Amino acid sequence: MIEFCQVTAGYPGREVLHGVDLSIPEGKITSLIGPNGCGKTTLLKTACGLLSLRSGDIRFGGRSIRDFPRREFARLAAVLPQVRDIPAIRVGSFVAHGRYPHLSFGRDLTAKDRELVEQAMEETGVLPLRDKELSELSGGERQRAYLAMTLAQDSQVLFLDEPTTYLDIGQKYEMLELVRRINARGKTVVMVLHDLSFAFSYSHRVAVMQDGRLLLSGPSEEVFDSGAPAKAFGVTARKVEVDGTTEFLFQK
């Protein structure tokens, strides 16, 4: 379990998170939602160590994030950031970077490392692109390459900040189905999503944020039924049954 305990964090001269308490259960998909600027990405960055805590604590299995050496934490958790650089590197070599937290001093890939890199590229559909430069890819292809590197890390926890960015509607479904398959292997997934319908359809739990604070968290359908998401976004919401599947609709 990941526990956020009175977490306060932000940027120089600006506090964004104000005493956030949140529990993320192991082996589930949890989505963070909320209006722009509410602190979703800040919370994710703080949880994976990209931002320092101002106060409070984040615990992984009861152990403070402050107690993890950098390489050990990288073996525990992987992150797909929303904004990222585009290095001059081929896709295959780029995805292999995900194995670096597991490598010995010489940083030589073992047969097992190469197998995991191949598997990550195959799962994300970038295997045919392995010899292309990352800069030559489309936005959607590049997004899948970054996810492949994250999967190659083979961490227990995945932090995904807007994993469907740059993808068309069909690719978004493919990406979230992939996330679901990854979770089925026992991985804990925490992701920020702007698309509310996807958040409720693909998550076991949803946490609603507003103005740097946690408004509500819990099982997806219970959070939806509470009315908190609609209130936070200033919209109306309803559920409909389509071919035996519950769809979550939001409109102004």
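Student: Which residue in β5 is the bridge partner of R59?
Tutor: The model is predicted. Strand β4 covers residues 53–60 and is joined to β5 by two bridges, with the strands running antiparallel. Within β5, the residue that bridges to R59 is S64.

Student: What is the order of the four strands in the open sheet with antiparallel pairing, and which are the edge strands?
Tutor: The four-stranded open sheet runs β2-β1-β4-β5, with antiparallel pairing. Each edge strand pairs on one side only, and these strands are β2 (14–24) and β5 (63–64).

Student: Which residue in β2 does Y11 stand opposite?
Tutor: Strands β1 and β2 run antiparallel and are joined by seven bridges. Their hairpin has two residues between the strands, and G13 there takes a positive phi near 80°. Opposite Y11, in β2, stands R14.

Student: At about what angle to β1 does helix α1 run?
Tutor: Helix α1 is made of residues 40–47. The helix lies across β1 (2–11), β2 and β4. Its direction relative to β1 is about 115°.

Student: Which strands does α1 lie across when its angle is given relative to β7?
Tutor: The open sheet of six strands is ordered β6-β7-β8-β3-β9-β10 and has mixed pairing. Relative to β7, α1 runs at about 150°. The strands that α1 lies across here are β3 (29–33), β7, β8 and β9 (205–210).

Student: Why is one side of β6 and of β10 left without a neighbour in the sheet?
Tutor: In the sheet ordered β6-β7-β8-β3-β9-β10, β6 (77–80) and β10 (213–219) stand at the edges. One side of each has no neighbouring strand because each has a single partner strand.

Student: What is the bridge partner of V157 in β8?
Tutor: Strand β7 (residues 157–161) pairs with strand β8 (residues 188–192) in the parallel sense, over five bridges. The partner of V157 in β8 is T188.

Student: What angle does the direction of helix α6 make with that of β8?
Tutor: Helix α6 spans residues 169–184 and packs on the sheet. The strands touched by α6 are β3, β7 and β8. With the direction of β8, that of α6 makes about 150°.

Student: Is T164 buried or exposed?
Tutor: T164 sits in the loop between β7 and α6. Beyond four places away in sequence, T164 touches Q143, K172, M175, L176 and L193. Its relative accessible area is 6%, which is under the 20% limit, so T164 is buried.

Student: How many disulfides does the structure hold?
Tutor: A disulfide needs sulfur atoms within 2.5 Å. The cysteine sulfur closest to that of C5 belongs to C48, at 17 Å, which is too far for a bond. C38 is in no disulfide either, as the nearest cysteine sulfur, in C48, is 16 Å away. The number of disulfides in the structure is zero.

Student: Which residues does F73 touch, not counting residues up to four places away in sequence?
Tutor: F73 is in helix α2, residues 70–76. With a relative accessible area of 10%, F73 is buried. Leaving out residues up to four places away in sequence, the contacts of F73 are A47, C48, F60, I65 and F68.

Student: Which residues form one aromatic cluster with F73?
Tutor: By the ring-centre rule there are twelve aromatic pairs. F60 and F68 form one that is edge-to-face, with 6.1 Å centre to centre and 85° between the planes. Both F60 and F68 are buried. The cluster joins F73 to F60, F68 and F159.

Student: Where in the chain are F224 and F248, the pair that links distant parts?
Tutor: F224 and F248 form an edge-to-face pair, 5.0 Å centre to centre with 65° between the planes. Both F224 and F248 are buried. The residues are 24 apart, with F224 in helix α8 (residues 220–226) and F248 in strand β12.

Student: In which strand is the confidence lowest?
Tutor: The chain averages a pLDDT of 90, and 98% of the residues score at least 70. Confidence is highest in β3, at 96. The lowest mean is 84, for residues 245–251, which is strand β12.

Conventions:
Residues numbered from 1 in each chain as written. Predicted model: local features only at pLDDT ≥ 70, side-chain atom pairs only at ≥ 80, totals over all residues. Heavy atoms only, no water. Buried < 20%, exposed > 50% of the residue type's maximum accessible area, 1.4 Å probe, protein only. Contact = heavy atoms within 4.5 Å. Pairing = 2+ DSSP bridges. Axes fitted to C-alpha atoms, helices over the stretch in contact; angles between N-to-C directions. pLDDT = per-residue confidence, 0-100. Phe/Tyr/Trp six-rings, centres within 6.5 Å; stacked < 30°, edge-to-face > 60°.
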